[in-house]
Amino acid sequence: MRSHLVERGYLEVETPMLHTIPGGASAKPFVTHHNTLDIDLYLRIAPELHLKRLLVGGLADKLFEINRCFRNEGISPRHNPEFTTLELYEAYVDYTAMMRLTEELVESVAEAVLGSLRINYGGTVIDLSPPWPRRSMAELVQAATGVDFLAFEDAETARRAPAALGASVTGGESWGQALEAAFAARVEDTLIQPTHVTGFPRDISPLAKADRADPRLAERFETYIYGWEIANAFSELTDPQDQRARFEAQMQARAAGDEEAQPLDEDYVTALEYGLPPCGGLGIGIDRLVMLLTDSPSIRDVITFPTLRPR
């Protein structure tokens with residue numbers, strides 16, 4: 001993956017592991033303390049906001065980082081608290097370019113490692129040959145359940161649907177969270193062959209540009225293979241006023257008990273005021289991709305020292 005990107009003019013960089021604000025993704029962070037400065041610091045949950053600061057600073061128009069992220073969440077065959085990601089940004093493109101790049105990266109890796117674009121995972125043959133289908137989240141949910149979330153005008157109406165579909169909900173979900181819950185419950189596991197899921201709700205995509213056709217949605221996609229999220233990408237939000245409003249909405253959700261909501265990052269908003277060029281961003285989970293390519297049933301099989309409970 002590194003070679004593929006460097007050959008195409010991407011600059012490899014490193015950004016901090018210790019953050020003063022846990023941002024760039026919706027997740028619960030690990031907290032530590034710096035004694036000399038007497039401040040709490042957070043192991044990074046994503047490098048996104050620092051990488052985009054480098055675009056603002058003009059370091060390069062195309063850059064990437066392959067490194068560790070940390071999320072204080074559950075452990076499962078697909079989740080480890082410490083994991084490896086590729087994250088990249090390219091100026092003057094949008095999320096459709098990131099779809100093509102995702103396909104190119106996975107195609108090149110499969111050819112280099114296995115010599116084939118047809119892999120066998122758990123007895124299922126998966127064809128990685130691009131192009132991959134592009135389906136909107138609402139379209140997929142409607143096809144699976146008959147429920148059209150785009151017809152719901154408010155969150156209260158939307159949040160009644162997931163419960164009826166067997167999804168886990170608390171009753172306080174936004175319109176977008178309700179759609180996401182229905183997708184997770186009824187669609188996610190069925191996406192065996194590579195699929196780009198587009199049309200993510202804007203209210204669960206605080207760093208993504210709003211969809212030009214429907215402001216309820218964002219120019220964002222996630223790529224699924226064997227029912228797993230492999231990649232997450234979007235056209236990056238560059239408007240500082242819109243970004244501040246999105247952060248403030250996240251802070252309200254945080255105050256209401258959502259521990260994964262993103263805090264307001266004043267320094268990042270200031271960077272946007274200087275000017276972030278139009279750009280697309282992409283993150284790929286390296287460990288899950290290695291699982292697929294090696295037919296490994298658990299993420300513990302592809303990490304040399306996975307996090308385990310002490311004896």
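At what angle do the axes of helix α5 (residues 155–164) and helix α6 (residues 175–186) cross? In this predicted model, the two axes cross at roughly 15° and come within 8 Å of each other. Because angles under 35 degrees count as roughly parallel, α5 is roughly parallel to α6. The crossing in which α5 passes α6 is left-handed.

A look at the residues involved fills in the picture. On the α5 side, the contact is made by Ala 155, Ala 158, Arg 159 and Pro 162; α6 contributes Trp 175, Ala 178, Ala 181 and Ala 182. Sorted by class, the contact of α5 with α6 has seven nonpolar residues and one charged residue, with no polar ones.

Attention can now turn to the nonpolar cores. In soluble globular proteins, nonpolar side chains tend to be buried together. Here, the largest nonpolar core holds 35 residues, and Leu 88, Leu 128 and Leu 282 have the most contacts inside it. At least two residues of this core are supplied by each of the strands β6 (82–91), β7 (118–121), β11 (220–225), β12 (228–235) and β13 (279–285), and likewise by each of the helices α3 (95–114) and α9 (286–294). Helix α3 provides the largest share of this core, with nine residues.

Leu 88 offers a helpful view of its surroundings: leaving aside residues up to four places away in sequence, Leu 88 touches Leu 5, Tyr 10, Leu 63, Phe 64, Met 98, Leu 101, Leu 105, Gly 280, Gly 281 and Leu 282. A second core, separate from the largest one, has 22 residues, among them Leu 140, Phe 152, Leu 165 and Ala 182. Ala 182 also belongs to the α6 side of the helix contact described above.

Notes: Residues are numbered from 1 along each chain as its sequence is written. This is a predicted model: local features need pLDDT of at least 70, side-chain atom pairs count only at pLDDT 80 or more; totals for chains, interfaces and linings use all residues. Side-chain values use heavy atoms; hydrogens and water are left out. Axes are lines fitted to C-alpha atoms, for helices over the stretch in contact, and angles run from 0 to 180 degrees between N-to-C directions. Helices (H or I, at least four residues) and strands (E, at least two) are DSSP runs, numbered from the N terminus. Angles under 35 degrees count as roughly parallel, over 145 as roughly antiparallel, 65 to 115 as roughly perpendicular and the rest as oblique. A crossing is left-handed if the near helix is turned anticlockwise from the far one by less than a right angle, and right-handed if clockwise. Contact means heavy atoms within 4.5 Å. Ala, Val, Leu, Ile, Met, Phe, Trp, Tyr, Cys and Pro count as nonpolar, Asp, Glu, Lys and Arg as charged, and the others, Gly among them, as polar. A nonpolar core is a set of buried Ala, Val, Leu, Ile, Met, Phe, Trp, Tyr and Cys residues joined through side-chain atoms within 4.5 Å. Buried means under 20% relative accessible area, exposed over 50%, partly exposed in between (1.4 Å probe, protein chains only).
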